[in-house]
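Student: I am new to this structure and would like a close look at a single part of it. Could you choose one sheet and walk me through how its strands are arranged and what ties them to their surroundings?

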Amino acid sequence: MGSPWRAAPLLAVLGVGLPAAAAAQETSDAVRIRRILVESRGIFPEANGALLPKLADAFHATTHESVIRRELLFREGEVLDLERVAETERNLRRYPYFRDVRLRVEAVGDGEVDVHVETFDAWTTEIGIRGGSDGGETRFGASVQENNFLGLGKRLGFELQVGPDRTTNQLLYEDPQLFDGAAVLQLAAGINSDGTHYRVHVGREFRTVDTPWGATVTLEQNAFDTRIWNSAVETARWQTQARFGEISAGRLLTPEGGRPLTRVFAGFRYQERNFAEDPEFVSSSPAPSPRRFGFLYSRLEWIRPDWLATQGVARLARTEDIDLGSTASVELGWSPPFFAGESAWSGQLLLSHGIRIPNGYLRGDLQASSRYQGGSPANTLAQAQLLAVWKPSEASRHTLLARGLVGAGWALDEDVQLAADGTTGLRGYRVHSYTGDRRVLLNLEDRMLMTGELAHFFQLGAAGFVDAGYAWPKGAPWRFSDLRTDVGVGLRIQLTRASHNGLIRLDLAWPLQPDPLGRRAPLLSFSGSQAF
């Protein structure tokens, strides 16, 4: 009865109250897990016999207990590790077939605890029609998809998507627990209006921060049209054949429990692109020369995780896990000519870091990549983003978000462009309005939760926003006066029992300056995710 651990707040296990969690960990060396109790609940466990919820649960296959147990990072008889309990909860929450996950630790006697794992299923059988409009271009799609096939956690489906640039028909299958949870399998095959798409991915991923090793194999082939735009006008179109293959393996160098983590990777990455003129379009420039590289590469990663559980960012009221820790990744590759490819060097840099502030956080990300070929850099691209999230108070229904993004390219490949338009966060301007080799995007948005759950089915939210941005054509100077701005309001509908994100976003934006074609009219956009 007098164990100091038993007095520690349960919230520490869930990632809230970190000092208490650390103190509890120091005193839990002798505390062992007696039993692990798993309870998998349906979609509407609290609906009190209402007809529609009852029918939904009757036709829904509740997730099997074995699927949940394969994700547990602790076993009966082991010493309790609070970090592993919290990490297990995050891992379970990332799967779309769970709308909520709760882990609870209960003291049952001197030196022993029971761990209760409770999951709440989402509605995973999706048969419907989806639509969207960004930047004045409409898209729609129809799908028949099961994200938790027979309650086994596997995804099986067919999708039809019609967008401004192409129509796609795709079959897909995903098994996140291949070989009894040791690996992930993803298969996809599509027939597009401008080509085909095939993808196979098998991987033993780093399921936990202390997983000792991982390996992946990916094969992908695509045929599609590459379109180049200038001042909202399509100026070039090339038929493109792309092939991609990668095999890699990584190992954890840090002893278990050590921080920061250090991982080293080695692999081979094959990239090929062939271009041809489109006979149905007269391009202003000739098709690019073929590119073929076979990079032998090595990558070093440093990771210091710091997880924050929050709400109101990507979703209205579902728990989201945000990593505010520090990450650094450096990769160097060499494509030798004897792999039937071009001789070149490649480099990639990724940096991210988060800072907690009262009732919010800041997170910065930097990505940079380049290729050194023929004595000079080629296709060099750098992009930095800063995201700020803040609530007036812990109980507030408002979440304020601000984003700043800056991207710049040097000697970009002919088929690479940066865009500032309705699809990238400049919601008052049509798709492909501004393209070039440098861009700036600025967003400020107030996301507000208006209701609780209605009819055990959905929640309503609203948003007010201001966007600014521009993409400069190659050779044009950076000028602050070029920035285009818009203001708008939006409606958010969160489908509380749906799998995946379950968010419907409708935004009405007014541009404050005309676009390159002189148009200046309000634009309505609707989508299944937040604008940023």
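Tutor: What follows is a walk through one sheet, its strands, the helix across it and the salt bridges that involve them. Please keep in mind throughout that this is a predicted model.

The part to look at is an open sheet of three strands, whose order is S1-S3-S2 and whose pairing is mixed. Strand S1, residues 32-41, and strand S2, residues 98-109, stand at the edges, and each has a single partner strand, so one side of each is left without a neighbour in the sheet. Taken on average and with direction ignored, neighbouring strands of this sheet are turned by 15° against each other. In general, the strands of a sheet pair through backbone hydrogen bonds, either parallel or antiparallel. Here S1 and strand S3, which covers residues 112-121, run parallel and are joined by nine bridges. If you follow S1 to Arg35, you will find that its bridge partner in S3 is Asp114.

Asp114 deserves a second look, since it also forms a salt bridge, this time with Arg34, and the closest N and O atoms of that pair are 2.8 Å apart. Because Asp114 lies in strand S3 and Arg34 in strand S1, the pair ties together parts that are 80 residues apart in sequence. The two residues can also be described by their accessibility: Asp114 is buried, with a relative accessible area of 2%, whereas Arg34 is partly exposed, with a relative accessible area of 34%.

Next, turn to the helix that belongs to this picture. Helix H4, made of residues 82-93, lies across S2 and S3, and it runs at about 155° to S2. From this helix, Glu83 forms a salt bridge with Arg259, with the closest N and O atoms 3.6 Å apart. Glu83 lies in helix H4, while Arg259 lies in the loop between strand S11 (233-252) and strand S12 (261-277), so the pair ties together parts that are 176 residues apart in sequence. Glu83 counts as exposed, at 52% relative accessibility, and Arg259 counts as partly exposed, at 30%.

To place these two pairs in a wider setting, the count for the model comes to 40 salt bridges. Elsewhere, for instance, Arg427, Glu445, Arg447, Asp467, Arg492, Arg505 and Asp507 are linked in a network of salt bridges.

Notes:
Residues are numbered from 1 along each chain as its sequence is written. This is a predicted model: local features need pLDDT of at least 70, side-chain atom pairs count only at pLDDT 80 or more; totals for chains, interfaces and linings use all residues. Side-chain values use heavy atoms; hydrogens and water are left out. Two strands pair if DSSP finds at least two bridges between them. Helices (H or I, at least four residues) and strands (E, at least two) are DSSP runs, numbered from the N terminus. Axes are lines fitted to C-alpha atoms, for helices over the stretch in contact, and angles run from 0 to 180 degrees between N-to-C directions. Contact means heavy atoms within 4.5 Å. A salt bridge is a side-chain nitrogen of Lys or Arg within 4 Å of a carboxyl oxygen of Asp or Glu. Buried means under 20% relative accessible area, exposed over 50%, partly exposed in between (1.4 Å probe, protein chains only).
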